[in-house]
Amino acid sequence: NEAAVSKGLCRVLAGLADADTIFALSSGHGRCGVAVVRISGSAAATALRCMVGLGNQLPPPRTALLRSITDPHSKEVLDRGLVLWFPAPHSFTGEDSVEFHIHGGPAVITAVLQALGSVPGMRPADAGEFTRRAFHAGKLDLTEVEGLGDLIHAETEAQRRQALRQMSGELGRLYQDWSHRLKRTLAHVEAFIDFSEDELIEEGVLDQVDISVCDLQAEIEQHLKDERRGERLRSGVHVVIAGATNAGKSSLLNTLCQRPAAIVSPIAGTTRDVVESALDIGGFPVLLSDTAGLRDSPDLVEQEGVRRARERYREGANQNNFLTIQLISVQFKSTQPERNSMLVKQDSRCLLVLNKTDLLPEAHREELNLELRRVSGLPPVCLISCQTNEGLKDFLTVCGDPLSGAPTLTQARHRAHLQQCVAALAQYRQYRDSDLALAAEGVRLALTSLGRITGRVGAEEILDIIFKDFCIGK
Ligand SMILES: Nc1nc2c(c(=O)[nH]1)N(C=O)[C@@H](CNc1ccc(C(=O)N[C@@H](CCC(=O)O)C(=O)O)cc1)CN2
Ligand SMILES: Nc1nc2c(ncn2[C@@H]2O[C@H](COP(=O)(O)OP(=O)(O)OP(=O)(O)O)[C@@H](O)[C@H]2O)c(=O)[nH]1
């Protein structure tokens with residue numbers, strides 16, 4: 001009972017906290033031309049009235065006015081800036097909101113924030129609190145909130161595009177559509193359970209349900225089969241260049257990052273340390289590593305380099321955002337160690353690239369390509385030359401894996417819920433003939449899993465996780 005009381009108390013306190021009016025600097029910190037201070041909550045109008053001379057009226061909604069902004073107590077003018085009034089519910093948060101667009105000097109910002117803090121009922125916002133309020137007001141679903149968070153962190157074009165699509169509700173709509181279909185399906189199953197004995201409902205209804213469940217499961221499974229492209233784009237890809245000594249690994253790194261980051265020399269075994277460079281390849285954020293060429297060497301320093309290279313491949317084997325470029329020189333045939341240096345485990349996350357094509361007569365290319373496939377068992381082979389830059393464009397296209405039209409899964413969280421959804425649909429199919437109540441429960445579970453993605457179910461527990469990456473003022 002005590003626990004219940006304290007839980008209730010917490011909820012009341014949380015309710016009170018939510019009733020606060022919050023304010024924050026929404027533009028970035030540091031000197032800037034214009035800074036935006038946002039205010040949201042029931043006291044927003046009060047703050048506006050006591051800091052801006054407006055007479056008796058509030059300004060027309062969503063219209064910028066140039067006004068003096070004053071301290072509510074001393075009446076001193078703090079700045080002259082633009083003032084906007086967004087009455088509820090037509091604001092970002094859905095609450096009464098005000099914006100001050102002021103000059104970006106640190107002293108101006110501090111003075112305005114201090115003045116706001118002195119207005120009763122106002123407090124500084126926590127990180128992500130404006131967006132949290134927008135979520136609670138139903139302005140955004142969780143996938144849109146996540147999209148917004150990603151947009152703020154986006155560093156490359158492809159990241160920006162993916163985040164914007166998600167923020168605009170593309171992914172949310174897909175999950176919402178699946179939810180609606182499942183709800184209809186569940187209604188049919190429940191109707192069948194309730195009414196079939198009275199023969200008020202025909203047998204065919206369940207066949208229809210079977211088809212819907214099957215179709216949906218297939219669609220979700222297809223959506224899951226994306227090789228985690230969306231997630232990779234979100235978090236970036238780690239690419240390691242592997243291969244024998246002198247294959248041209250350092251040359252490739254230098255060509256891609258357009259600066260002499262790694263030492264290139266005709267002496268085999270030049271690279272020892274792992275050399276890293278952050279790149280933007282076709283909009284994908286990529287961390288590229290050059291490693292020591294794999295070979296047995298009596299040189300102690302080179303042995304350490306080879307050990308570090310192997311360690312890097314091993315680390316990568318367990319990460320899903322890891323790609324290996326297996327680089328091979330066209331001269332590989334003549335050198336047995338090159339063959340030995342090929343990575344043992346080769347899969348779709350390993351790209352076979354053939355370097356130094358400038359040394360290869362045109363007529364020999366196809367032959368070599370075939371030979372390579374035979375030796376490596378890998379399908380796509382890119383042919384490039386770091387000397388002439390031939391083939392690099394095609395190589396980047398293959399690497400860049402540009403975004404296709406369909407909305408992509410972007411978060412491991414979504415994947416987990418979708419997998420639960422598929423498992424629950426399988427439960428329907430398993431019990432459909434033996435125990436229809438249990439089968440219906442499967443459909444209900446599947447619906448719950450989908451609801452968790454958009455935050456219609458059990459949002460509170462994950463809100464804190466999502467918002468921890470948000471900045472203050474967002
Ligand atoms: N100055 C300023 N710029 C900004 C924001 C902001 O809050 N302030 N944003 C903050 O993220 C982004 C824009 N997002 C916004 C989203 C919704 C509404 C809004 O007022 N929505 C109302 C009315 C919609 C309409 O008129 O169509 C609503 O949803 O009811 C405002 C900004 C980026 N730029
Ligand atoms: N002709 C030709 N030579 C190349 C090409 N790419 C690299 N080379 C030369 O091949 C030699 C080895 O290049 P590196 O980039 O140092 O090779 P690496 O794989 O990093 O070598 P290690 O550090 O020994 O593992 C250098 O002399 C390069 O100039 C190419 O496309 N064509």
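Which elements cover the buried residues of helix 3? The close-up views below, drawn from a predicted model, begin with this helix.

**View 1. Helix 3 and the elements that cover its buried residues.** The cover includes helix 2 (44–51) together with strand 1 (21–25), strand 2 (34–40), strand 4 (77–86), strand 5 (97–103) and strand 6 (122–124). The residues beneath this cover, buried in helix 3, are Val108, Ile109, Val112, Ala115 and Leu116. Because their arc around the axis is only 135 degrees, they lie on the same side of helix 3. Ala107 and Gln114, on the other side of helix 3, are exposed.

**View 2. Helix 3 from end to end.** Helix 3 comprises twelve residues, 106–117. At 1.5 Å a residue its expected span is 16 Å, and the C-alpha atoms at its ends are 16 Å apart, so the two values agree.

**View 3. An open sheet of six strands.** The strands follow the order 8-9-7-10-11-12, with mixed pairing. Strand 8 (275–281) and strand 12 (381–383) are the edge strands, each pairing on one side only. From one strand to the next, the twist averages 25 degrees.

**View 4. The pairing of strand 10 with strand 11.** Strand 10 (residues 322–329) and strand 11 (residues 350–355) run parallel and are joined by six bridges. Gln326 is placed opposite Leu352 of strand 11.

**View 5. Helix 11 packed on the sheet.** Helix 11 (residues 300–317) touches strand 7 (237–243), strand 8, strand 9 (284–290) and strand 10. The direction of helix 11 makes about 140 degrees with that of strand 7.

Key:
Residues numbered from 1 in each chain as written. Chains lettered and ligands numbered in written order. Predicted model: local features only at pLDDT ≥ 70, side-chain atom pairs only at ≥ 80, totals over all residues. Heavy atoms only, no water. Helix = DSSP H or I, 4+ residues; strand = E, 2+ residues; numbered from the N terminus. Expected span 1.5 Å × (residues − 1). Buried < 20%, exposed > 50% of the residue type's maximum accessible area, 1.4 Å probe, protein only. Arc of directions from axis to C-beta. Contact = heavy atoms within 4.5 Å. Pairing = 2+ DSSP bridges. Axes fitted to C-alpha atoms, helices over the stretch in contact; angles between N-to-C directions.
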